[in-house]
Amino acid sequence: VGSEMCIRDRSSMGTEILIHIGLDTVTLGGEPFTAHVAVGDKVKKGDLLVEVDLDKIKAAGLNSITPVLISNTDTYDKISLQKEGDVLFDEAVLKIL
């Protein structure tokens, strides 16, 4: 777990995940973000990590795109995109083999 706009986690399988909410959102000083977990917390599927006011990000002229990255890709044979664009709760985004 990281700062409000950037979430880092390691899954129980060792997958290192980085989720960055918006581009250049660090310039907002945490304003549109409410963290629900802290550094060191254990999280599981379905846990609320952070709430975001996307309208505030857009009003600041920033892009609200949210990249999801795997930082230890060399550990896996294949990582494939499962869903692009808007994603609903519980939809798979990546498949890691």
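Leaving aside residues up to four places away in sequence, Ser 80 touches Val 93, Leu 94 and Lys 95. This serine sits in strand 6, which covers residues 79-81. Its side chain also has a polar partner close by in sequence: a contact of 3.1 Å links it to the side chain of Gln 82. As for the contacts of Ser 80 further along the chain, Leu 94 and Lys 95 are among them, and strand 7 takes in residues 94-96. The model discussed here is a predicted one.

Stepping back to the whole chain, the secondary structure amounts to one helix and seven strands. Read from the N terminus, the order is β-β-β-β-α-β-β-β. The radius of gyration is 14 Å, close to the 13 Å that the globule rule gives for 97 residues, so the chain is as compact as a globular protein of that length. The C-alpha trace spans about 40 × 30 × 25 Å along its principal axes. Of the 97 residues, 21% count as buried. The accessible surface comes to about 6900 Å², and carbon and sulfur atoms supply 52% of that. Among contacts with a separation of 6 or more, 47% are between residues 24 or more positions apart.

Now for the sheet. Three strands make up an open, antiparallel sheet in the order 1-2-5. Strand 1 and strand 5 are at the edges and have a single partner strand each, so one side of each is left without a neighbour in the sheet. From one strand to the next, the twist averages 20°. In general, strands of a sheet pair through backbone hydrogen bonds, in either a parallel or an antiparallel way.

Within this sheet, strand 1 (residues 6-10) runs antiparallel to strand 2 (residues 16-20), and five bridges hold the pairing. Arg 10 stands opposite Glu 16 of strand 2. The two strands form a hairpin with five residues between them, and here Gly 14 adopts a positive phi near 95°. On the other pairing of strand 2, strand 5 (residues 68-70) is the antiparallel partner, this time over three bridges. Two of the residue pairs can be named: Ile 19 has Val 68 as its bridge partner in strand 5, while Ile 17 has Ile 70.

The backbone also has a couple of spots worth a look. As a rule, most residues other than glycine have a negative phi. Asp 24 has a positive phi, near 65°, without being a glycine. This aspartate belongs to the loop between strand 2 and strand 3 (33-35). With a relative accessible area of 54%, Asp 24 is over the 50% cut-off, so this residue counts as exposed. Asp 90 is another case, with a positive phi of about 75° in a residue that is not a glycine. Asp 90 lies in the loop between strand 6 and strand 7. Its relative accessibility is 52%, and therefore Asp 90 counts as exposed too.

Finally, two loop leucines bring separate parts of the chain together. Leu 62 is found in the loop between helix 1 (54-59) and strand 5. At 18% relative accessibility, Leu 62 falls under the 20% cut-off, so this leucine counts as buried. Not counting neighbours within four places in sequence, Leu 62 is in contact with Leu 23, Asp 24, Thr 25, Thr 27, Leu 28 and Ile 57. Asp 24, the residue with the positive phi near 65°, is thus one of the contacts of Leu 62. Leu 28 is 34 residues from Leu 62 in sequence, with a C-alpha to C-alpha distance of 9.7 Å.

Leu 23 comes from the loop between strand 2 and strand 3. Its relative accessibility of 39% makes Leu 23 partly exposed. Outside the four nearest places in sequence, Leu 23 touches Leu 62, Asn 63 and Ile 65. Leu 23 and Met 5 are 18 residues apart in sequence, and their C-alpha atoms are 9.3 Å apart in space.

Key: Residues are numbered from 1 along each chain as its sequence is written. This is a predicted model: local features need pLDDT of at least 70, side-chain atom pairs count only at pLDDT 80 or more; totals for chains, interfaces and linings use all residues. Side-chain values use heavy atoms; hydrogens and water are left out. Helices (H or I, at least four residues) and strands (E, at least two) are DSSP runs, numbered from the N terminus. A polar contact is a pair of N or O atoms within 3.5 Å; within protein, one must be able to donate a hydrogen and the other to accept it, and residues adjacent in sequence count only if both atoms are side-chain atoms. Contact means heavy atoms within 4.5 Å. Two strands pair if DSSP finds at least two bridges between them. The radius of gyration is taken over C-alpha atoms; the globule rule is 2.2 Å times the number of residues to the power 0.38. Buried means under 20% relative accessible area, exposed over 50%, partly exposed in between (1.4 Å probe, protein chains only). Accessible areas come from the Shrake-Rupley method with a 1.4 Å probe; for residues, only the protein chains shown count as cover. Axes are lines fitted to C-alpha atoms, for helices over the stretch in contact, and angles run from 0 to 180 degrees between N-to-C directions.
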